[in-house]
Amino acid sequence: RIEGALSGYSISPVAEGDAAIQHLGRNDYDCILLDLMLPHLSGFDVLRHLIVHKPQLLRRTYIMTAATDESLQFIDRDAIAGVLRKPFEVGSLRDLVAQVVRR
């Protein structure tokens with residue numbers, strides 16, 4: 001589980017895109033792990049929300065996806081922290097988050 005891999009960090013897990021947008025409106029985050037495949041509103045919708053309303057959080061956002069490069073062609077990879085391809089080692093999340101937080 002992601003929570004176990006990130007022990008020592010305060011995390012706010014959400015399972016739906018609309019819930020993610022609500023959390024982003026109420027809180028500031030050091031790192032955002034954004035899955036593109038979310039119910040209700042997709043991760044793409046959440047990303048568009050960040051671009052318009054909280055662009056300062058883009059450099060703290062890692063996109064987690066199994067999508068093809070073609071599906072990601074409209075994402076400015078220089079504007080975000082990076083793309084984490086699924087499947088990935090959950091244990092690697094700790095280093096990834098630490099790297100984003102240090103920036």
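## Val 46 and the largest nonpolar core

In this predicted model, Val 46 touches Gly 17, Ala 20, Ile 21, Leu 24, Leu 34 and Leu 38, leaving out residues up to four places away in sequence. Val 46 belongs to the largest nonpolar core, which has 17 residues. Together with Leu 24, Ile 32, Leu 47 and Ile 75, Val 46 touches the most other members of that core. The elements that give two or more residues to this core are α2, β1 and α3.

A second, separate core has 10 residues, among them Leu 6, Ala 81, Leu 96 and Val 100. In soluble globular proteins, nonpolar side chains tend to be buried together.

## Helix α3

Helix α3 spans residues 43-53, and its buried residues are Gly 43, Val 46, Leu 47, His 49 and Leu 50. These residues lie on the same side of α3, because they cover an arc of only 155 degrees around the axis. An α-helix has 3.6 residues a turn, so residues three or four places apart point the same way.

The cover over the buried residues of α3 includes α2 (17-26), β1 (32-35) and β2 (61-65). At the N-terminal end of α3, Ser 42 acts as a cap, with a side-chain oxygen 3.2 Å from the backbone nitrogen of Phe 44.

## Helix α2

Gly 17, Ala 20, Ile 21 and Leu 24 are buried in α2. Viewed down the axis of α2, these buried residues fall within an arc of 100 degrees, so they line one face of the helix. The face turned away from that buried side carries Gly 25 and Arg 26, which are exposed.

Among the elements covering the buried residues of α2 are β1 and α3. Three of the contacts already listed for Val 46 are Ala 20, Ile 21 and Leu 24, and Ala 20, Ile 21 and Leu 24 are also buried residues of α2.

## The three-stranded sheet

The sheet is open and has 3 strands in the order β1-β2-β3, with parallel pairing. Its edge strands are β1 and β3 (82-85), each of which pairs on one side only. From one strand to the next, the twist averages 30 degrees.

Between β1 and β2 there are 4 bridges in the parallel sense. Leu 33 stands opposite Tyr 62 in β2, and Asp 35 stands opposite Met 64 in β2. A further 4 bridges join β2 to β3, and these strands run parallel. Thr 65 stands opposite Arg 85 in β3.

## Burial of β2 and β3

Strand β2 is largely enclosed by the rest of the structure, because 5 of its 5 residues are buried. Both of its faces are covered, with Thr 61, Ile 63 and Thr 65 on one side and Tyr 62 and Met 64 on the other. In β3, by contrast, Gly 82 and Leu 84 form a covered face, while Val 83 and Arg 85 form an uncovered one.

Thr 61 is part of strand β2. Its relative accessibility is 0%, and because buried means under 20%, Thr 61 counts as buried. Setting aside neighbours within four places in sequence, Thr 61 is in contact with Ile 32, Leu 34, Leu 50, Ile 80, Ala 81 and Gly 82. One of these contacts, Leu 50, is a buried residue of α3, and another, Gly 82, is on the covered face of β3.

## Val 97 in helix α4

Val 97 is found in helix α4, which covers residues 93-102. Val 97 is buried, at a relative accessible area of 5%. Residues up to four places away in sequence aside, Val 97 touches Leu 6, Tyr 9, Cys 31 and Leu 33. Of these, Leu 6 is a member of the second core, and Leu 33 stands opposite Tyr 62.

Val 97 and Arg 48 are 49 residues apart along the chain, and their C-alpha atoms are separated by 22 Å.

## Ala 66 in the loop after β2

Ala 66 is in the loop between β2 and β3. Ala 66 is exposed, with a relative accessible area of 61%, whereas the residues on both faces of β2 are buried.

From Ala 66 to Leu 24, the distance is 24 Å, C-alpha to C-alpha, and the two are 42 residues apart in sequence. Leu 24 is buried in α2 and is one of the residues that touch the most other members of the largest nonpolar core.

How values were computed. Residues numbered from 1 in each chain as written. Predicted model: local features only at pLDDT ≥ 70, side-chain atom pairs only at ≥ 80, totals over all residues. Heavy atoms only, no water. Buried < 20%, exposed > 50% of the residue type's maximum accessible area, 1.4 Å probe, protein only. Arc of directions from axis to C-beta. Contact = heavy atoms within 4.5 Å. Polar contact = N/O pair within 3.5 Å; in protein donor to acceptor, adjacent residues only side chain to side chain. Pairing = 2+ DSSP bridges. Axes fitted to C-alpha atoms, helices over the stretch in contact; angles between N-to-C directions. Core = buried A, V, L, I, M, F, W, Y, C linked by side-chain atoms within 4.5 Å.
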